Amino acid sequence: MGAGIKSIGLKTLCAVTMAAAVLPLAARGEGFDTEHIFGFMIGTDVGTVGEREFQSQTTGRFARSGGSYRAVGQELEAEFVPMRDFRVELGTTFMAHDINRVPGFDDRRQLSWQGVSVDLRYRLLDREAAPFGMTLALETHADRVDETSAAVVRSHGTELTLAFDREVIPDFVLAAVNLSYEPEWTRLPRTGAAEQEATLGMAFGLMAKVRPDILIGGEARYFRKYEGIGLDELAGQALFIGPTAYFQLSEKSRLTATWGVQAWGQRAGGSGNLDLVNFERHQARLVFGVNF
């Protein structure tokens, strides 16, 4: 990983976005399918019974307090819908880190297999038959490399998300809200030390259909990180804001691109208007999926 990852990532995101915008459009569909239109958030749709998908999700996190920090994760996922309103996703992730002179982190430049995950989603309310859609998602993961520091760990965590969405203007503008709780348990094999932490999150997204198969909008995500899974002590908080774009490339393939910038943050006991100790300055995600 070179020093130009952030610049390359921005250029790649812009190039993919412009290229997708001029691709031939698929036939116009009615309403929204919100399963994959967001980047960091989720919608309430879960697919139809028997549906199978492969998804590649690339997530980049850049810039922390002091030094140089770049972390890119590549997750490969298989999704299927075994029954109505219920979706299962199995995934595995590889990580690349380039960390240099960041306080609290060892200098590292490495590529590693991080771990595996299982994501279960159940739709409680279908917005076609209710005032809004509502889905409960439970994602659990087991990791051998820490996502943030790249240290060797034995870690497992769960992200519990309650998602809501509703068409504000039918077939034109859709709004979504996510509420999340993410506890995580980590043990360092070298020392035997154990750590616990938890993150509370609230996110709001808005997407508009500018062309039949192109949606443009944005996501605002607010997080509070705590020491201990019982929210014992606040470590820091941050607000990320950025654009999201969704492209239906063909009848069976799709692309979602999003970029979030930490617009405000505060570390517990610290000063300033950003928290670059517990969170990154920039977060980006590119998701490509295909049905089969």
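**Close-up views of a predicted model**

**Figure 1. Arg-221 and the face of Phe-40.** Arg-221 lies over the face of Phe-40, at 4.1 Å from the ring centre. The model shown here and in the views that follow is a predicted one. Arg-221 also appears among the contacts of Ala-203, which, once neighbours within four places in sequence are left aside, touches Met-41, Ala-176, Val-177, Asn-178, Ala-220 and Arg-221.

**Figure 2. The largest nonpolar core of the chain brings together 10 residues.** Its members are Phe-32, Ile-37, Phe-38, Met-41, Leu-174, Ala-176, Ala-203, Met-207, Leu-215 and Tyr-246. At least two residues of this core come from strand S7 (173–187), and at least two come from strand S8 (194–211). A second core of six residues is separate from this one, and Tyr-69, Ala-71, Met-95 and Ile-99 are among its members.

**Figure 3. Strands S7, S8 and S9 in their pairings.** S7 and S8 run antiparallel and are joined by 15 bridges, one of which pairs Val-173 with Ala-208 in S8. The two strands form a hairpin with six residues between them, and Gly-192 in this turn has a positive phi of about 80°. S8 pairs in turn with S9, again in the antiparallel sense, over 14 bridges, and here Gly-201 has Phe-223 in S9 as its bridge partner. The hairpin that joins S8 to S9 passes through two residues.

**Figure 4. The stacked pair of Phe-223 and Phe-279 within an aromatic cluster.** The centres of the two rings are 6.4 Å apart and their planes meet at 25°, so the pair counts as stacked, the limit for that class being an angle under 30 degrees. Phe-223 belongs to strand S9 (residues 214–227), whereas Phe-279 lies in the loop between strand S11 (253–267) and strand S12 (282–291), so that the pair links parts of the chain 56 residues apart. Phe-279 is buried, with a relative accessible area of 6%. Together with Phe-240, the rings of Phe-223 and Phe-279 form one aromatic cluster.

**Figure 5. Tyr-69 between an aromatic partner and a charged side chain.** The chain has six aromatic pairs by the rule applied here. In one of them, Tyr-69 and Phe-105 are tilted with respect to each other, at 6.0 Å centre to centre and with 45° between the planes. Tyr-69 is in strand S2 (residues 68–83) and Phe-105 in the loop between strand S3 (86–100) and strand S4 (108–125), a separation of 36 residues that makes this a link between distant parts of the chain. Tyr-69 has a relative accessibility of 3% and therefore counts as buried, the limit being under 20%. The charged end of Arg-64 sits over the ring of Tyr-69, 5.4 Å from its centre.

**Figure 6. His-97 and the backbone of Glu-147.** His-97 is found in strand S3 and is buried, with a relative accessible area of 0%. A polar atom of its side chain lies 2.8 Å from the backbone oxygen of Glu-147. The two residues are 50 positions apart along the chain, and their C-alpha atoms are separated by 8.9 Å.

**Figure 7. Two alanines with positive phi, Ala-63 and Ala-150.** Most residues other than glycine have a negative phi. Ala-63, in the loop between strand S1 (52–62) and S2, nevertheless has a phi near 75°, and this residue is partly exposed, with a relative accessible area of 25%. Ala-150 has a positive phi of about 70° and lies in the loop between strand S5 (133–145) and strand S6 (152–169). With a relative accessible area of 1%, Ala-150 is buried.

**Figure 8. The chain as the setting for the close-ups.** The chain contains one helix and 12 strands, and from the N terminus on the helix comes ahead of the strands, in the order α-β-β-β-β-β-β-β-β-β-β-β-β. Of its 292 residues, 45% count as buried. Among the contacts with a separation of 6 or more, 59% are between residues 24 or more positions apart.

Note on methods. Residues are numbered from 1 along each chain as its sequence is written. Side-chain values use heavy atoms; hydrogens and water are left out. A nonpolar core is a set of buried Ala, Val, Leu, Ile, Met, Phe, Trp, Tyr and Cys residues joined through side-chain atoms within 4.5 Å. Buried means under 20% relative accessible area, exposed over 50%, partly exposed in between (1.4 Å probe, protein chains only). Helices (H or I, at least four residues) and strands (E, at least two) are DSSP runs, numbered from the N terminus. Contact means heavy atoms within 4.5 Å. Rings of Phe, Tyr and Trp (its six-membered ring) pair if their centres lie within 6.5 Å; planes under 30 degrees apart count as stacked, over 60 as edge-to-face and the rest as tilted. A charge sits over a ring if NZ of Lys or CZ of Arg is within 6 Å of the ring centre and within 35 degrees of the ring normal. Two strands pair if DSSP finds at least two bridges between them. A polar contact is a pair of N or O atoms within 3.5 Å; within protein, one must be able to donate a hydrogen and the other to accept it, and residues adjacent in sequence count only if both atoms are side-chain atoms.
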